[in-house]
Amino acid sequence: MAIQDQFASPDYYLLDELLTSEHLLIRKTIRDFVKKEISPIIEEVCQSCIFPKNLIPKLGELGCFGPFIPNKYGGAELDQISYGLIMQELERGDSGIRSTASVQSSLVMFPIFNYGTNEQKTKYLHKLSTGEMMGCFGLTEPNHGSNPGGMESRFIDKGDYFLLNGSKLWISNSPFADIAVVWAKNENNRIQGLIVETNMDGVSTPETHNKWSLRGSVTGEIIFDNVKVPKNNLLIGKDGLGAPLGCLDSARYGIAWGAIGAAMDCYDTALRYSKERNQFGKPIASFQLQQKKLAEMITDITKAQFLTWRLGVLKNENKATSAQISMAKRNNVDMALRIARESRQVLGAMGITGEYPIMRHMMNLESVITYEGTHDIHLLITGHDITGISAFK
Ligand SMILES: Cc1cc2nc3c(=O)[nH]c(=O)nc-3n(C[C@H](O)[C@H](O)[C@H](O)COP(=O)(O)OP(=O)(O)OC[C@H]3O[C@@H](n4cnc5c(N)ncnc54)[C@H](O)[C@@H]3O)c2cc1C
């Protein structure tokens, strides 16, 4: 069922005046792409749980993979607000499609660019930017989610190679990824990153089935059974938990923008529906209770837009802290989920159908509020930042 995408972006406080003409052009390009290539197929994609791989080269061509990576390595060399706007527009289409671009950009290209050797950058980044090669990021394990520092995956130095054993769970894109950036402990208990090619002997990546959320994104495991990883696949630029957390900062920043996209789509749908749907002889938009819902939604979206734009400015100036990024990720995903729930109610029974995007966004956001640090953990990060006392470890 092809659905006509009538999305019109809310800009209540004229935030567009703070964006450059390049930002506006990038946003329009991705918005047009979403309307043309994603909206018509996304309902069927999510109902069937079959990832639309034909979008990968198109996403690459549009610069959605590693937009902040220098041209020299195949990136579009864009600023952080541009990256955010790309994530916003993709997630307006679907959180699963945005997740694929986020993982490729922030969790695969980012660590290779920032922690990798010149040889690794040359070997992988160009192909990752076009989508010729896809990557995934293995941090979470069956027994270690919010506490990745407890990870059990290990590698030992065997002279000619590293021998890697362990497993990762809940890994976006792992079933079709060509490479995985894997975080494991060395013999000194220090966390390091390894680039593991998924066709290496001993690597398997079974898919996780029966998800009710992010059905437009493939999720799986990565199992390492005596995998011989070449020594020059080690990411030597940074070690310790700070190395994967640096990648998560970049991804969480993109999620903060992405969640605004999902929220805007829900609000826009509910606003239009409320003006068209008549009950008691009047549009439901004329009832105070429905206006309250819509007015609160646009207020929350506007606040999130400003928080996130300012975060982008700070990020461009290299001044954004991890705690500031946590606050924006937590606030915006929570805001988007509340708006999805309220919007669904505005549509009454129609809100549960795939004729409208709201229920799909709502289900997706249940993953987004958990991955890349849960809602609770981000709150505790803010608590730690303002008190100086950690309440979670
Ligand atoms: C669809 C999807 C895709 C994902 N993709 C990836 C990926 O590509 N790569 C990757 O590495 N991971 C990925 N993840 C994993 C995700 O990052 C983890 O699920 C997340 O970090 C939470 O870990 P957990 O699920 O083990 O929950 P747990 O850590 O077991 O937490 C369970 C609950 O306990 C709470 N909790 C935990 N510790 C504390 C504490 N100290 N104080 C208070 N409350 C606490 C949490 O907030 C949560 O509510 C993905 C997850 C999903 C759902």
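Which residue takes a positive phi just after helix 7? In this predicted model, that residue is Asn-318, whose phi is about 60°.

**Overall form**

The protein contains 10 helices and 10 strands. Its radius of gyration is 21 Å, which agrees with the value near 21 Å that a compact globule of 393 residues would have. Taken along the principal axes, the box filled by the C-alpha atoms is roughly 80 × 50 × 40 Å. Of the 393 residues, 56% count as buried, and the accessible surface of the protein comes to about 17,000 Å², with 52% of that area belonging to carbon and sulfur atoms. Among the contacts with a separation of 6 or more, 76% are accounted for by residues 24 or more positions apart. The protein carries 41 positive and 43 negative charges, and the mean positions of these two groups are 3 Å apart.

**Three helices**

The spans of three helices can be set beside the values expected at 1.5 Å a residue, as the following table shows.

| Helix | Residues | Number of residues | Span between end C-alpha atoms | Expected span |
|---|---|---|---|---|
| Helix 3 | 80-93 | 14 residues | 20 Å | 20 Å |
| Helix 6 | 242-276 | 35 residues | 51 Å | 51 Å |
| Helix 7 | 288-316 | 29 residues | 42 Å | 42 Å |

For helix 7, the end C-alpha atoms are 42 Å apart, which agrees with the span expected for its 29 residues. Two of these helices can also be described by their burial. In helix 6, 29 of the 35 residues are buried, so this helix is largely enclosed by the rest of the structure. Helix 3 is mostly covered as well, with 14 of its 14 residues buried.

**Arg-154 and the loop between strands 4 and 5**

Arg-154 lies in strand 2, which comprises residues 154-157, and it counts as partly exposed because its relative accessibility is 36%, a value between the 20% and 50% limits. Although Arg-154 and Ala-184 are 30 residues apart along the chain, their C-alpha atoms are separated by 5.0 Å. Once its neighbours within four places in sequence are set aside, Arg-154 is in contact with Leu-163, Leu-164, Asn-165, Ala-184, Lys-185, Asn-186 and Asn-189.

One of these partners, Asn-189, is found in the loop between strand 4 and strand 5. Asn-189 has a positive phi of about 65° although it is not a glycine, and with a relative accessible area of 48% it is partly exposed.

Arg-190 is placed in the loop between strand 4 (179-185) and strand 5 (191-197), and its relative accessibility of 40% makes it partly exposed. Arg-190 and Arg-154 are 36 residues apart in sequence, while their C-alpha atoms are 9.6 Å apart in space. Leaving aside neighbours within four places in sequence, Arg-190 is in contact with Ala-184, Lys-185, Asp-239 and Gly-240. Ala-184 and Lys-185 thus appear among the contacts of Arg-190 and also among those of Arg-154.

**Phe-280**

A further residue with a positive phi is Phe-280, which takes a value of about 55° although it is not a glycine. Phe-280 is found in the loop between strand 9 (278-279) and strand 10 (282-283). Its relative accessible area is 77%, and Phe-280 therefore counts as exposed, the limit for that class being over 50%.

Conventions
Residues are numbered from 1 along each chain as its sequence is written. This is a predicted model: local features need pLDDT of at least 70, side-chain atom pairs count only at pLDDT 80 or more; totals for chains, interfaces and linings use all residues. Side-chain values use heavy atoms; hydrogens and water are left out. Helices (H or I, at least four residues) and strands (E, at least two) are DSSP runs, numbered from the N terminus. The expected span of a helix is 1.5 Å times one less than its number of residues. The radius of gyration is taken over C-alpha atoms; the globule rule is 2.2 Å times the number of residues to the power 0.38. Buried means under 20% relative accessible area, exposed over 50%, partly exposed in between (1.4 Å probe, protein chains only). Contact means heavy atoms within 4.5 Å. Accessible areas come from the Shrake-Rupley method with a 1.4 Å probe; for residues, only the protein chains shown count as cover. Lys and Arg count as positive and Asp and Glu as negative; His and the chain ends are not counted. The place of a charge is taken as NZ of Lys, CZ of Arg, CG of Asp or CD of Glu.
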